[in-house]
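Me: Hi! Could you walk me through the salt bridges, cysteines and surface of this model?

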Amino acid sequence: MTTESAGVVEPQDTSLMAFYRDMNTAERRTFWACATGWALDGMDFMIYPLVIGTIIKLWSVDAGLAGLAGTVTLLASAIGGWLAGFLCDRIGRVRTLQITIVWFSVFSLVCAFVQDFNQLLIARALLGLGFGGEWAAGAVLMGETIRAQYRGRAVGSVQSGWAVGWGIAVLTQAVLFSLLPPEQAWRWMFAVGVLPALLVFFLRRYVEEPSIAAQTLAHQQVSGDRSAIWEIFEGPILKTTLLASLVATGCQGGYYAVTFWVPRFLTTERKLSIVSSTGYLAALIIGSFVGYLVGAWLADRIGRRKLFLLFSLGAIVVVLVYTQITFTNEVLWLLGFPLGFFASGYFSGMGPFLTELYPTRLRGSGQGFCYNFGRGIGALFPALVGYLSQTTTLANAIAIFAVVAYAVFFLAAYALPETRGRILLAD
């Protein structure tokens, strides 16, 4: 049951799994396709942070330059996400999703065969184009397929797939680095990243274009009134684009400052081996997974905006505690859960929030640009943390950039309207 007025649906059943029980076949197929895609996307991205220590040792790369590879991946993903979002508005959401998945899978495999750090840098940049595009296409596809009263929980639950992919990457690392010498294990890690390409067969057979997107595209083809890539910077929509871009910048800058360098923090400043650090990363990942699910529930329960405000403040507190106070390793292991929880849970609201801010004809372009602009600026944080860690501790560097990012996130979210339950229409 729902209450509907003025283009907004208020959910009556706000339990986490209500959306799944009431899904039709098309919604469920889209849900599982996007959740799987996002999990494998997360796996591919997190492989590099997990092998960064090995790369540094094998090729004598300094921390700043090693962090640059992460930054280049994210910068490229910002470009890829914007282009893929625009492509969504031109050729459709499903077709764009297929292209981006194949793209980043192929270049993950290429990473396994590079012969020096410069080649790896180029391969990671090319991988980033598809990595950014996959999120843009998948988020728009989910946002338009799922009904308004369930959008926050459904899209947010898909976001939890990132934690699953991260977990798969960590388990793969533990197995491969136990069985193989480091100089071979890191290459096999990247080779595993080709697996997402298999998802395209499912997408081609079972997932359909959202009806409102298909209607809008058909209307544009008949009228010749195609959206321009710069239209999101015109008129009253400009303010929305600027503020949404700042929200995306803050939330992703904080996330990457923390998650990119925590594996290195554990093995250097906490003196843990790669294999023994797996348990600490597991606590972080479990917290992240639970955070995504709780964030998905809260996105429909209290709204997208309040979710962002609550989690940005929580993330600031936990990051400072985790990095600035000296604990025993046992306590540090326990703190991994709230760190993962607050540093990840707000992402559950980002997909539905950006979907609801834009009209259908601009949704791909707007959502693709804002999220991936944030990813591009946030991409600077891994490199900046790496360079700053050469003059202070890695813990201090992580804390400084994470706190700045989450403060930007809080302020920009405060300035934007609530969008919970907004009904999407063809235009």
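Me: Let's start with charges: how many salt bridges does a search of the whole structure find?

Reply: Happy to help, and please keep in mind that this is a predicted model. A salt bridge here needs a side-chain nitrogen of Lys or Arg within 4 Å of a carboxyl oxygen of Asp or Glu. Searching the whole structure with that rule gives a total of nine.

Me: Which residues are linked in a network of salt bridges?

Reply: Two of the pairs share Asp300. Its salt bridge with Arg153 has the closest N and O atoms 2.8 Å apart, and this pair links distant parts of the chain, from helix α13 (residues 278-301) to helix α6 (residues 151-159), 147 residues apart. Asp300 also meets Arg304 in a salt bridge, at 2.9 Å from N to O. The full network is made of Arg151, Arg153, Asp300, Arg304 and Glu356.

Me: Is Arg304 buried or exposed?

Reply: Its partner Asp300 has a relative accessible area of 2%, so Asp300 is buried, and Arg153 is buried too. Buried means under 20% relative accessible area. Arg304 has a relative accessible area of 0%, so Arg304 is buried.

Me: And what about Arg93: with which residue does Arg93 form a salt bridge?

Reply: The closest N and O atoms of this pair are 3.0 Å apart. Both Arg93 and its partner are buried. That partner is Asp89.

Me: Now the cysteines: how many disulfides does the structure hold?

Reply: A disulfide needs a pair of cysteine sulfur atoms within 2.5 Å. For Cys34, the closest cysteine sulfur is in Cys88, 10 Å away, so that is too far for a bond. For Cys251, the closest is in Cys370, at 11 Å, again too far for a bond. The count of disulfides in the structure is zero.

Me: Is Cys34 buried or exposed?

Reply: The cut-off for buried is under 20% relative accessible area. Cys251, with a relative accessible area of 0%, is buried. Cys34 has a relative accessibility of 4%, so Cys34 counts as buried.

Me: Last one, on the surface: where is Leu198 placed?

Reply: Leu198 has a relative accessible area of 56%, so Leu198 is exposed. Together with Leu109, Phe113, Val194, Leu195 and Phe201, Leu198 forms a nonpolar patch on the surface, with about 600 Å² of accessible area together. Along the chain, the place of Leu198 is in the loop between α8 (182-192) and α9 (199-206).

How values were computed
Residues are numbered from 1 along each chain as its sequence is written. This is a predicted model: local features need pLDDT of at least 70, side-chain atom pairs count only at pLDDT 80 or more; totals for chains, interfaces and linings use all residues. Side-chain values use heavy atoms; hydrogens and water are left out. Patches are made of residues with over 30% relative accessible area and no salt bridge: like charges are joined within 9 Å, nonpolar side chains (Val, Leu, Ile, Met, Phe, Trp, Tyr) within 5 Å. Accessible areas come from the Shrake-Rupley method with a 1.4 Å probe; for residues, only the protein chains shown count as cover. Helices (H or I, at least four residues) and strands (E, at least two) are DSSP runs, numbered from the N terminus. Buried means under 20% relative accessible area, exposed over 50%, partly exposed in between (1.4 Å probe, protein chains only).
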